[in-house]
Amino acid sequence: MKIKRRLNQWNNLKTWQPLIIAISLVMVVAILHKAHWELTTETNPLDIWKGKIVTKGDNETNINFPGNAGDSITFKGILVTSPRFEVYNNDSIVLSEYSKDEAIVYDEDLYGKTMLNLSGMRILINGDLSGEFFESEIVTVKAYIIENISYYSENGQNITLNREGWEALPEDIHLASDTDYYFFGTELIILAIGSYYSLNRIQNLKTQLKFAKHLALFEFKRGLKAPRMIVLGSFFTIFIVGIGWLLGDLQNSTSVFAVTSGNDGILRLSYFSFFVVSLAAIAVSVDTIHKERQSNTLNMLLARPINRETIVLGKALGLTMVVGVPAFIAQVLGLYFMTVAGEMPTIGCMITFLLFGQVMIFTMVTFQLCLAISAKNGADVVIYGLGAWLLFSVVWTLLVYAVSFVIGIDVSAQNFENDPEYQAIASRLALLNPGFVYQMAVGLFTHRTISIDFEGVPGWLLLLSLVLWPLICLRIATWLFKREMRG
Amino acid sequence: MASSLLELVEVQKDYRIRSFGRVIRTTKALDKLSLKVEEGQIFGFLGPNGAGKTTTIKCITGILKSDSGSIKIKGENIENNSFENKNKIGFLPEQIGLYGNLNCIETLSFYAGFYDLKAETIEKRSLELLGLLGLGKDAERPVGEFSLGMKKRLALAIALLHEPQILILDEPTSGLDPRGVKALRSVLRDLNTKGLTILLSSHVLSEVQEICTHVGIINNGKLIKQESIQKIREKVRKTAIRLSLRVKNFNKKNEDELIKKNGISIIEKNDLGKHQQIILTLKEKLIPWVTDNLVKNDVQIFSIEPQDTSLEDVFMTETGGENED
């Protein structure tokens, strides 16, 4: 009986069956991906590092790792510091000094070598990795246990260090993304095939998309002429252009607010863009469904052969264009003024700043549509919209403090923001804020790979979040709108 | 057997009042409602306020989804292919909502965008309909400047734009002045003559009586009668007719004598100054007895007018005189 019911439920999902199968397969590939790393690499280098045995005699110190000299392990971890700061030279080390953190005695042989900090584990690389790898990148390192003897003095006493340490050659270090991309590529292909077959099963898809375009263009033309958009559009254009110029100027400054590079400038510009553009996105979509319900234009629309899903999609696209087109112009102008006064950011970073900006606007519009559909009256819609904007743009940090406090982080301590635990909480919570997701996604593209770790949040999760936010909001909005139909 | 143009089979619909997503109250709007509208009819959908007329129409037009039962157009369930079936329906809602900043042509173009129509067809049809509905001169005026009557006519043009097979009108004359009502009636008759099937809901009985060929009476979400106007009239006539008499010297004694007679009832008495008006319902064969009796008792009769049997009589009888307002 239960099986029959489940089968019926499955048959009712005929349109979405290929997509569901594809998502299931993607999850299987994701598990295989994870298993691949777990089986072929040591994903907790810090455990190995902490497992070293240090024994001290009268004139002797021994450092041993489980295993024998010559044994090798491929480690997978995050570059905690930038390798360019970890290259030994005569300015950075004091010869014959024993470093407890690195478990090594400094000598001239180390000049030009790099002491990699891989998720807290120290691996000596026989070469200079400056400019080859960067902070926060996820890499794999095939390292060997090497034995050597060195000498140092402590409290006037000469001590022999019989050291076992991990060493690797520069060619044994690879970005994890070299492998990750095969898995991600497979997952994307499966998802694309599933989506294609599911979309093919939607009745009159082409016609409904034509209707969505028709409705979107109508909303766009109407919205652009709306007084509130004229006011908000002018306001955010002036704001973004002004901030752009200021961020450019701050690149030549020595103040505490100094901007370190063009890419740093664009990251900050993305925050300010979100601050004003999200307000505009919420303001234009605040009463879109509610007002139409009040003025009875909605029933006129609902009686046409247009699906409710198409209405929500058309409206969301139209309202995104209403804010997106002026925002795009404002952002381009902001970038121009920033580069005139300061350094040029990378092309990839500029493209993602503009492109993800549109995704962010679409997300905010669909988010507000959910609130506008579920609100019972005009006052509710405005309060919900304003509340959402305040939450995402203004009070989010307070929310992070509150959550951190609840889980036991001392948020009254000095420099608690530098506490890794706090940073991990802040990063993870940031995935729940479309503004921060936008900022972090732009930040991701200041790097050369998506195998980046943002304090516990990997780059792929960030991109997934950027894609899921608008899709989930759109799905909820259509679900709420369809629920109305049930009365 | 050919399928009806529109058929509702045991349609059920409840309204759910929600609080924080939970259903806290349910109100039954349609209770296993079944009805049939055949091609070429002007079907009057009658019922007191709150009977379920608008809910039925919303379910037919796809604005609401019925909980159970089926709605078929030419035998095909409307939910199986709502796109095709919605193309067969033209809908004029009771409350007209139009975008005030658009003019007639822009409004028609906007709504035409949701049908598979070519640009030339849209333009031609728009001008044709605006001319037919007397809006030709106002084609370029913003809709926001329109009177309610003009808006109704424009909404009717929208409903007719894609040449539907059935036109559904929810309280089409509400808010219109008598001239507007008359003009609308004439347009609807013309459209019906050209083969368009019409379903209109109303609680204005005279309107339904005037224009409809068939009528369905709904009360408490149930269809309680569905018949042709002609048949209803005949049935009423067989049981009783209504007579209006203008008389003088009609007193209590005369009244008692009339009431005593089986099959006669006085339903209204009006003092017209010089004369009195008495409205009676009675069996046709009793008319000579009434006149003889009144003359014999020195009542002067100035006129005798048979009144048309009203749909109101049927409506009041069938709905039990209820009004849920």
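Colleague: What makes up the secondary structure of chain B?

Modeller: This is a predicted model, and in it chain B has eleven helices and 14 strands.

Colleague: What makes E6 and E10 of chain B the edge strands?

Modeller: The open sheet has six strands in the order E6-E7-E8-E3-E9-E10 (chain B), with mixed pairing. Strand E6 (89-92) and strand E10 (222-228) of chain B each pair on one side only, so they count as edges, given that pairing takes at least two bridges. From one strand to the next, the twist averages 15°.

Colleague: How do you know that E6(B) and E7(B) pair?

Modeller: Two strands pair if there are at least two bridges between them. E6(B) and strand E7 (residues 166-170) of chain B have four, running parallel, so they pair. In one of these bridges, Gly90(B) has Leu167(B) as its partner.

Colleague: Which helix touches E6 and E7 of chain B?

Modeller: Helix H5 (residues 148-160) of chain B packs on the sheet there, and its direction makes about 165° with that of E6(B). Helix H6 (residues 178-193) of chain B lies across E3, E7 and E8 of chain B, at about 150° to E8(B).

Colleague: What makes a residue of chain B count as buried, and how many do?

Modeller: The cut-off is 20 or more other C-beta atoms within 10 Å of its own. Buried residues are 34% of the 325 in chain B.

Colleague: How many residues does each chain bring to the contact?

Modeller: Chain A gives 19 residues and chain B 24 residues. On the chain A side, helix H5 (205-225) and helix H9 (297-302) each supply at least two. By class, that side has eight nonpolar, nine polar and two charged residues.

Note on methods
Residues numbered from 1 in each chain as written. Chains lettered and ligands numbered in written order. Predicted model: local features only at pLDDT ≥ 70, side-chain atom pairs only at ≥ 80, totals over all residues. Contact = placed C-beta atoms within 7 Å. Nonpolar A, V, L, I, M, F, W, Y, C, P; charged D, E, K, R; others polar. Buried ≥ 20, exposed ≤ 12 C-beta atoms within 10 Å, placed from the backbone. Axes fitted to C-alpha atoms, helices over the stretch in contact; angles between N-to-C directions.
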